[in-house]
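Hi,

Here is the structure I promised to pass on. Have a look at it first, and my notes follow underneath.

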Amino acid sequence: MAGQTEQVLNAILQDIEAGRLVPGAPLEESELVERHGVSRTPVREAFIQLEAVGLIKRLPRKGAVLFKPTLEEFLAILEVHARLEGQAAALAARRLSPAQAIELEAAVAACEYHAAEKGDDDPAGYYQLNLRFHACVAEGSGNPFLVEMIKTNARKLMAYYRARYRYPGAIAQSAKEHREIAVLVFARDREGAEAAMTAHVQFDQVTVMDLLAALG
(Lines give C-alpha, C1' and ligand atoms only; values in the text may rest on other atoms or scores of the structure.)
Protein backbone atom coordinates (compact mmCIF):
# COMPACT_ATOMS: atom_id res chain seq x y z
CA MET A 1 0.00 0.00 0.00
CA ALA A 2 2.85 2.41 0.82
CA GLY A 3 4.34 1.80 -2.61
CA GLN A 4 1.03 2.56 -4.31
CA THR A 5 0.64 5.76 -2.32
CA GLU A 6 4.13 6.85 -3.36
CA GLN A 7 3.32 6.00 -6.99
CA VAL A 8 0.24 8.22 -6.98
CA LEU A 9 2.00 10.98 -5.03
CA ASN A 10 4.98 11.08 -7.41
CA ALA A 11 2.70 11.11 -10.45
CA ILE A 12 0.82 14.15 -9.11
CA LEU A 13 4.09 15.96 -8.31
CA GLN A 14 5.38 15.23 -11.83
CA ASP A 15 2.16 16.64 -13.30
CA ILE A 16 2.65 19.81 -11.26
CA GLU A 17 6.27 20.20 -12.37
CA ALA A 18 5.40 19.55 -16.02
CA GLY A 19 2.53 22.03 -15.98
CA ARG A 20 -0.15 19.41 -16.61
CA LEU A 21 -1.81 20.46 -13.35
CA VAL A 22 -2.44 24.18 -12.86
CA PRO A 23 -3.57 26.11 -9.77
CA GLY A 24 -7.20 25.42 -8.96
CA ALA A 25 -7.35 22.29 -11.11
CA PRO A 26 -9.44 19.45 -9.65
CA LEU A 27 -7.87 16.13 -8.71
CA GLU A 28 -10.39 13.37 -9.31
CA GLU A 29 -10.09 10.28 -7.13
CA SER A 30 -11.77 8.07 -9.73
CA GLU A 31 -9.46 9.23 -12.52
CA LEU A 32 -6.35 8.57 -10.43
CA VAL A 33 -7.67 5.15 -9.37
CA GLU A 34 -8.20 4.18 -12.99
CA ARG A 35 -4.92 5.63 -14.25
CA HIS A 36 -2.76 3.91 -11.66
CA GLY A 37 -4.74 0.73 -11.18
CA VAL A 38 -5.05 1.18 -7.42
CA SER A 39 -7.86 1.35 -4.89
CA ARG A 40 -9.12 4.62 -3.44
CA THR A 41 -7.09 4.16 -0.25
CA PRO A 42 -3.62 5.02 -1.65
CA VAL A 43 -5.13 7.93 -3.59
CA ARG A 44 -6.64 9.30 -0.40
CA GLU A 45 -3.37 8.74 1.46
CA ALA A 46 -1.55 10.70 -1.24
CA PHE A 47 -4.11 13.50 -0.89
CA ILE A 48 -3.51 13.61 2.87
CA GLN A 49 0.23 14.04 2.33
CA LEU A 50 -0.26 16.71 -0.33
CA GLU A 51 -2.72 18.60 1.85
CA ALA A 52 -0.32 18.45 4.80
CA VAL A 53 2.32 20.41 2.85
CA GLY A 54 -0.22 22.80 1.35
CA LEU A 55 -0.12 21.59 -2.26
CA ILE A 56 -3.81 20.74 -2.46
CA LYS A 57 -6.98 21.81 -0.72
CA ARG A 58 -9.98 19.60 -0.10
CA LEU A 59 -13.22 21.53 -0.37
CA PRO A 60 -16.67 20.44 0.86
CA ARG A 61 -18.67 18.82 -1.96
CA LYS A 62 -15.95 19.78 -4.47
CA GLY A 63 -13.22 17.30 -3.69
CA ALA A 64 -9.50 18.08 -3.96
CA VAL A 65 -8.09 20.98 -5.99
CA LEU A 66 -4.53 22.11 -6.56
CA PHE A 67 -3.54 25.01 -4.32
CA LYS A 68 -4.29 28.40 -5.88
CA PRO A 69 -2.86 31.30 -3.85
CA THR A 70 -4.47 34.61 -3.16
CA LEU A 71 -2.30 37.69 -3.59
CA GLU A 72 -1.48 37.69 0.12
CA GLU A 73 -0.65 33.98 0.12
CA PHE A 74 1.50 34.33 -3.00
CA LEU A 75 3.53 37.16 -1.47
CA ALA A 76 3.94 35.29 1.83
CA ILE A 77 5.13 32.09 0.12
CA LEU A 78 7.41 34.06 -2.17
CA GLU A 79 9.03 35.84 0.78
CA VAL A 80 9.92 32.50 2.37
CA HIS A 81 10.88 30.84 -0.90
CA ALA A 82 13.28 33.62 -1.90
CA ARG A 83 15.03 33.33 1.46
CA LEU A 84 15.33 29.55 1.17
CA GLU A 85 16.77 29.79 -2.34
CA GLY A 86 19.18 32.47 -1.16
CA GLN A 87 20.29 30.31 1.75
CA ALA A 88 20.87 27.39 -0.63
CA ALA A 89 23.07 29.58 -2.85
CA ALA A 90 25.09 30.74 0.17
CA LEU A 91 25.64 27.16 1.30
CA ALA A 92 26.48 26.05 -2.23
CA ALA A 93 29.18 28.74 -2.33
CA ARG A 94 30.71 27.00 0.70
CA ARG A 95 30.08 23.36 -0.14
CA LEU A 96 29.78 22.87 -3.90
CA SER A 97 31.87 19.86 -4.94
CA PRO A 98 33.89 19.73 -8.19
CA ALA A 99 31.37 17.31 -9.70
CA GLN A 100 28.47 19.56 -8.69
CA ALA A 101 30.28 22.55 -10.15
CA ILE A 102 30.42 20.77 -13.52
CA GLU A 103 26.68 20.07 -13.34
CA LEU A 104 25.91 23.66 -12.39
CA GLU A 105 28.02 25.00 -15.25
CA ALA A 106 26.19 22.70 -17.67
CA ALA A 107 22.82 23.89 -16.38
CA VAL A 108 23.80 27.55 -16.77
CA ALA A 109 25.22 26.95 -20.25
CA ALA A 110 22.00 25.21 -21.31
CA CYS A 111 19.96 28.23 -20.19
CA GLU A 112 22.30 30.58 -22.06
CA TYR A 113 22.15 28.46 -25.21
CA HIS A 114 18.36 28.45 -25.14
CA ALA A 115 18.25 32.23 -24.68
CA ALA A 116 20.72 32.78 -27.52
CA GLU A 117 19.20 30.32 -29.99
CA LYS A 118 15.47 30.51 -29.25
CA GLY A 119 15.02 33.92 -27.69
CA ASP A 120 11.50 34.17 -26.28
CA ASP A 121 10.35 30.95 -27.97
CA ASP A 122 9.58 27.73 -26.08
CA PRO A 123 9.12 29.19 -22.60
CA ALA A 124 7.97 25.78 -21.32
CA GLY A 125 11.23 24.23 -22.49
CA TYR A 126 13.23 26.98 -20.85
CA TYR A 127 11.35 26.50 -17.62
CA GLN A 128 12.58 22.91 -17.40
CA LEU A 129 16.15 24.18 -17.84
CA ASN A 130 15.46 26.74 -15.13
CA LEU A 131 14.31 23.98 -12.78
CA ARG A 132 17.56 22.13 -13.39
CA PHE A 133 19.62 25.22 -12.57
CA HIS A 134 17.81 25.75 -9.28
CA ALA A 135 18.07 22.05 -8.44
CA CYS A 136 21.84 22.16 -9.01
CA VAL A 137 22.21 25.09 -6.63
CA ALA A 138 19.95 23.50 -4.01
CA GLU A 139 21.75 20.16 -4.20
CA GLY A 140 25.05 22.01 -3.91
CA SER A 141 23.94 23.27 -0.50
CA GLY A 142 24.53 19.78 0.90
CA ASN A 143 21.38 20.08 3.00
CA PRO A 144 18.64 17.60 1.97
CA PHE A 145 16.08 19.16 4.32
CA LEU A 146 16.58 22.55 2.70
CA VAL A 147 16.26 20.93 -0.74
CA GLU A 148 12.88 19.43 0.19
CA MET A 149 11.63 22.72 1.64
CA ILE A 150 12.59 24.51 -1.58
CA LYS A 151 10.84 21.88 -3.71
CA THR A 152 7.64 22.09 -1.69
CA ASN A 153 7.45 25.88 -1.88
CA ALA A 154 8.45 25.95 -5.54
CA ARG A 155 5.64 23.57 -6.48
CA LYS A 156 3.10 26.03 -5.07
CA LEU A 157 4.35 28.75 -7.44
CA MET A 158 5.60 26.77 -10.44
CA ALA A 159 2.72 27.68 -12.73
CA TYR A 160 3.39 31.36 -12.12
CA TYR A 161 7.14 31.13 -12.67
CA ARG A 162 6.43 29.22 -15.86
CA ALA A 163 4.03 31.94 -17.00
CA ARG A 164 6.67 34.59 -16.31
CA TYR A 165 8.81 33.24 -19.16
CA ARG A 166 6.10 34.16 -21.66
CA TYR A 167 7.00 37.81 -21.12
CA PRO A 168 9.32 39.29 -23.79
CA GLY A 169 12.93 39.33 -22.61
CA ALA A 170 12.27 37.27 -19.49
CA ILE A 171 14.23 34.24 -20.69
CA ALA A 172 17.31 36.29 -21.61
CA GLN A 173 17.21 38.10 -18.27
CA SER A 174 16.84 34.82 -16.37
CA ALA A 175 19.78 33.22 -18.18
CA LYS A 176 21.91 36.30 -17.48
CA GLU A 177 21.06 36.16 -13.78
CA HIS A 178 21.80 32.43 -13.66
CA ARG A 179 25.31 33.14 -14.93
CA GLU A 180 25.79 35.91 -12.37
CA ILE A 181 24.71 33.63 -9.53
CA ALA A 182 26.92 30.78 -10.74
CA VAL A 183 29.96 33.07 -10.96
CA LEU A 184 29.42 34.10 -7.33
CA VAL A 185 28.97 30.47 -6.22
CA PHE A 186 32.12 29.39 -8.07
CA ALA A 187 33.99 32.30 -6.48
CA ARG A 188 32.86 31.11 -3.01
CA ASP A 189 31.20 34.48 -2.42
CA ARG A 190 28.53 33.41 0.06
CA GLU A 191 26.98 36.82 0.72
CA GLY A 192 26.98 37.77 -2.95
CA ALA A 193 25.47 34.45 -4.03
CA GLU A 194 22.74 34.68 -1.42
CA ALA A 195 21.80 38.25 -2.34
CA ALA A 196 21.82 37.53 -6.08
CA MET A 197 19.68 34.41 -5.75
CA THR A 198 17.20 36.08 -3.41
CA ALA A 199 16.76 38.95 -5.86
CA HIS A 200 16.50 36.53 -8.79
CA VAL A 201 13.64 34.57 -7.23
CA GLN A 202 11.70 37.56 -5.87
CA PHE A 203 8.88 39.33 -7.77
CA ASP A 204 7.45 42.77 -7.09
CA GLN A 205 3.77 43.01 -6.15
CA VAL A 206 2.71 44.37 -9.55
CA THR A 207 4.28 41.40 -11.33
CA VAL A 208 2.60 39.02 -8.90
CA MET A 209 -0.77 40.62 -9.61
CA ASP A 210 -0.14 40.29 -13.36
CA LEU A 211 0.73 36.61 -13.00
CA LEU A 212 -2.32 35.89 -10.84
CA ALA A 213 -4.51 37.60 -13.43
CA ALA A 214 -2.84 35.72 -16.31
CA LEU A 215 -3.68 32.38 -14.74
CA GLY A 216 -7.17 33.40 -13.73
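**Overall shape and what I found**

The protein chain has 216 residues, and a compact globule of that length would have a radius of gyration near 17 Å; the chain comes out at 18 Å, so the two agree. Before you go further, keep in mind that this is a predicted model. Along the principal axes, the C-alpha trace spans about 50 × 35 × 30 Å.

On the secondary structure side, you get ten helices and three strands. Reading from the N terminus, the order is α-β-α-α-β-β-α-α-α-α-α-α-α.

A few whole-chain numbers you may want to have at hand:

- Buried residues make up 44% of the 216 in the protein chain.
- If you take contacts between residues at least 6 apart in sequence, 77% of them join residues at least 24 apart.
- The accessible surface is about 10,800 Å², and carbon and sulfur atoms account for 55% of that.
- There are 24 positive and 29 negative charges, and their mean positions sit 4 Å apart.

There is also an annotation to go with the N-terminal part. UniProt, in an unreviewed entry, lists residues 2-69 as "domain: HTH gntR-type". In the model, that stretch is 56% helix and 15% strand, with 30 Å between its end C-alpha atoms.

I looked at two residues in detail.

The first is His-114, which lies in helix H5, residues 98-118. Is His-114 buried or exposed? Its relative accessible area is 5%, and the cut-off for buried is under 20%, so His-114 counts as buried. Setting aside neighbours within four places in sequence, His-114 is in contact with Gly-119, Asp-121, Asp-122, Gly-125, Tyr-126, Leu-129 and Ile-171. You'll see two aspartates in that list, Asp-121 and Asp-122.

The second is Glu-73, in helix H4, which covers residues 71-95. Here the relative accessibility is 28%; since partly exposed is the class between 20% and 50%, that is where Glu-73 falls. Which residues does Glu-73 touch, not counting those up to four places away in sequence? They are Lys-57, Phe-67 and Lys-68. The numbers of these three partners fall inside the 2-69 range that UniProt lists for the domain.

That's what I have for now. Shout if anything is unclear.

Cheers

Notes. Residues are numbered from 1 along each chain as its sequence is written. This is a predicted model: local features need pLDDT of at least 70, side-chain atom pairs count only at pLDDT 80 or more; totals for chains, interfaces and linings use all residues. Side-chain values use heavy atoms; hydrogens and water are left out. Helices (H or I, at least four residues) and strands (E, at least two) are DSSP runs, numbered from the N terminus. The radius of gyration is taken over C-alpha atoms; the globule rule is 2.2 Å times the number of residues to the power 0.38. Buried means under 20% relative accessible area, exposed over 50%, partly exposed in between (1.4 Å probe, protein chains only). Contact means heavy atoms within 4.5 Å. Accessible areas come from the Shrake-Rupley method with a 1.4 Å probe; for residues, only the protein chains shown count as cover. Lys and Arg count as positive and Asp and Glu as negative; His and the chain ends are not counted. The place of a charge is taken as NZ of Lys, CZ of Arg, CG of Asp or CD of Glu. UniProt positions are given in the numbering used here, feature names are shortened, and annotations may be inferred rather than shown by experiment.
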